[in-house]
Amino acid sequence: PSATMLLRLRARRRLFLRRQKSTALPQRRPLPQGPSFADFLRRPSIPPPLEAMPRDTHALPRDVLTDSYRRFHGYLRMSLTERCNLRCRYCMPAEGVSDLTPSHELLTTKEVERVINVFARAGASKVRLTGGEPTLRRDLVDICSSIKRDNPGVKSLGLTTNGMKLLSRSDGVRLVDALAASGVDSVNISLDSLDADVFSRMTRRPSSTHKRVLDAIDACASLGLNVKVNCVVLRGENEHELAAFAERWDSSVKVRFIEWMPFSGNAYDAKRLVPYAEMMKMLPPLVPLPSSDRHDTTKWWTAGSSQVGFITSMSEHFCGSCNRVRVTADGSLKTCLFGSDSVSLRDALRSGVSDRELGDLIQGALLKKHFKHGGHGNAEGVARN
């Protein structure tokens with residue numbers, strides 16, 4: 001080629017290279033009938049409140065509540081608070097629990113209702129509200145009403161309480177009457193002694209409060225609720241009262257004797273454990289009473305017109321038929337009472353997950369559930385950990 005043509009080619013090449021090195025960004029234009037890029041930058045990162053989010057109502061797969069051993073967990077125990085108005089010696093130190101979760105980290109009313117709804121839509125038919133002491137929560141009656149209103153699959157709604165506030169009144173209505181009207185059909189009341197002085201020593205509360213609990217038990221029975229008295233048996237404290245407990249009520253109030261179990265901060269001492277076989281020897285002859293519920297954790301017997309049962313978590317575990325799962329007041333899902341594994345449903349809720357995604361989280365936790373005793377092997381392993 002001629003010299004003139006070579007010069008023109010070099011000039012075009014230099015112009016092309018300069019255009020390649022340009023760092024200017026093209027102007028962004030919003031899509032037709034759509035948001036601009038700036039709209040995404042201004043979008044808030046905090047998810048909307050639960051009441052503003054659309055709610056699913058369709059059923060969730062039963063697999064959500066099934067673990068790797070094919071155990072279906074249709075029984076949800078939902079803790080509403082960490083606080084308690086007693087200081088039972090087998091449960092906590094005299095000064096109480098000092099590191100309570102701040103209130104803003106506990107599940108709100110709407111969050112509690114949503115968690116229960118997800119479990120119910122996956123097939124849970126039994127819900128029990130626990131604590132701490134659940135009657136210390138002011139929205140207790142509202143929560144109970146919503147459970148029965150929004151979850152037709154929940155056939156049993158229970159409460160575990162120490163009974164101290166059941167006879168308290170609001171606008172002239174006793175709490176126990178309001179709970180019964182809201183759909184509560186079962187009440188478990190903790191009572192570890194029929195002697196006011198022993199009760200005072202075990203609960204670290206005045207002996208005058210003892211009668212309040214006994215009156216609450218009778219009030220629940222008079223309303224036709226399914227009433228169970230839970231008695232934790234401790235060597236050197238109340239084991240001599242078992243026969244008196246067995247004779248105290250007729251079949252309208254069932255009594256359950258519970259083997260003492262180790263928990264964080266309860267100063268567990270295996271020497272004070274009274275095992276099931278030993279308790280049986282302290283009672284008059286009993287007649288076995290088979291349960292129609294294969295998931296029942298209680299060994300039931302009759303003593304005349306009375307019914308007594310035993311919860312033998314330490315000496316004869318019942319893990320093989322376990323159908324229960326727990327959610328703590330701060331939203332932690334615990335697949336086993338003795339296990340240390342947990343998953344925060346609260347954090348998931350507040351990140352804006354859908355109900356299906358929440359179900360997936362629950363399913364993932366249950367698939368990791370151990371066969372027994374939270375993976376500690378046996379009762380001794382639980383006590384050591």
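## A covered helix, an open sheet and a helix pair

Helix H3 is mostly covered, since 11 of its 13 residues are buried. This description, like everything that follows, concerns a predicted model. The buried residues of H3 are Glu111, Val112, Glu113, Arg114, Val115, Ile116, Asn117, Val118, Phe119, Ala120 and Arg121. From its first C-alpha to its last, H3 reaches 18 Å, which is close to the 18 Å expected for its 13 residues at 1.5 Å a residue. After the helix comes Gly123, a residue whose phi is positive, near 115 degrees.

What does helix H3 lie across? It lies across four strands, namely E1, E2, E12 and E13, and it runs at about 170 degrees to E1. The table sets out the residue ranges of H3 and of these strands.

| Element | Residues |
|---|---|
| Helix H3 | residues 109-121 |
| Strand E1 | residues 75-79 |
| Strand E2 | residues 126-130 |
| Strand E12 | residues 324-327 |
| Strand E13 | residues 332-334 |

These four strands belong to an open sheet of 12 strands with mixed pairing, whose order is E9-E10-E11-E8-E7-E6-E3-E2-E1-E12-E13-E14. At the edges of the sheet stand strand E9 (287-288) and strand E14 (343-344), each of which pairs on one side only. Elsewhere in the sheet, strand E8, made of residues 253-259, pairs with strand E11, made of residues 306-311, in the parallel sense and over four bridges. Within this pair of strands, Arg256 stands opposite Gly309 in E11.

One residue of the sheet can be followed in more detail: Thr130, which has its place in strand E2. Is Thr130 buried or exposed? Its relative accessible area is 10%, and because a residue under 20% counts as buried, Thr130 is buried. Leaving aside neighbours within four places in sequence, Thr130 is in contact with Arg77, Met78, Ser79, Leu80, Thr81 and Thr160.

The model also contains a pair of packed helices. In general, two packed helices are described by the angle between their axes and the distance between the axes. Helix H4 (residues 140-150) and helix H5 (residues 175-182) pack at an angle of about 15 degrees, and their axes are 8 Å apart. Because angles under 35 degrees count as roughly parallel, H4 is roughly parallel to H5. The crossing in which H4 passes H5 is right-handed. On the H4 side, the residues that meet H5 are Leu140, Val141, Cys144, Ser145 and Lys148, while the residues they meet in H5 are Leu175, Ala178, Leu179 and Ser182.

Definitions and conventions
Residues numbered from 1 in each chain as written. Predicted model: local features only at pLDDT ≥ 70, side-chain atom pairs only at ≥ 80, totals over all residues. Heavy atoms only, no water. Pairing = 2+ DSSP bridges. Helix = DSSP H or I, 4+ residues; strand = E, 2+ residues; numbered from the N terminus. Contact = heavy atoms within 4.5 Å. Axes fitted to C-alpha atoms, helices over the stretch in contact; angles between N-to-C directions. Expected span 1.5 Å × (residues − 1). Buried < 20%, exposed > 50% of the residue type's maximum accessible area, 1.4 Å probe, protein only. Parallel < 35°, antiparallel > 145°, perpendicular 65-115°, else oblique. Left-handed = near helix turned anticlockwise from the far one by under 90°.
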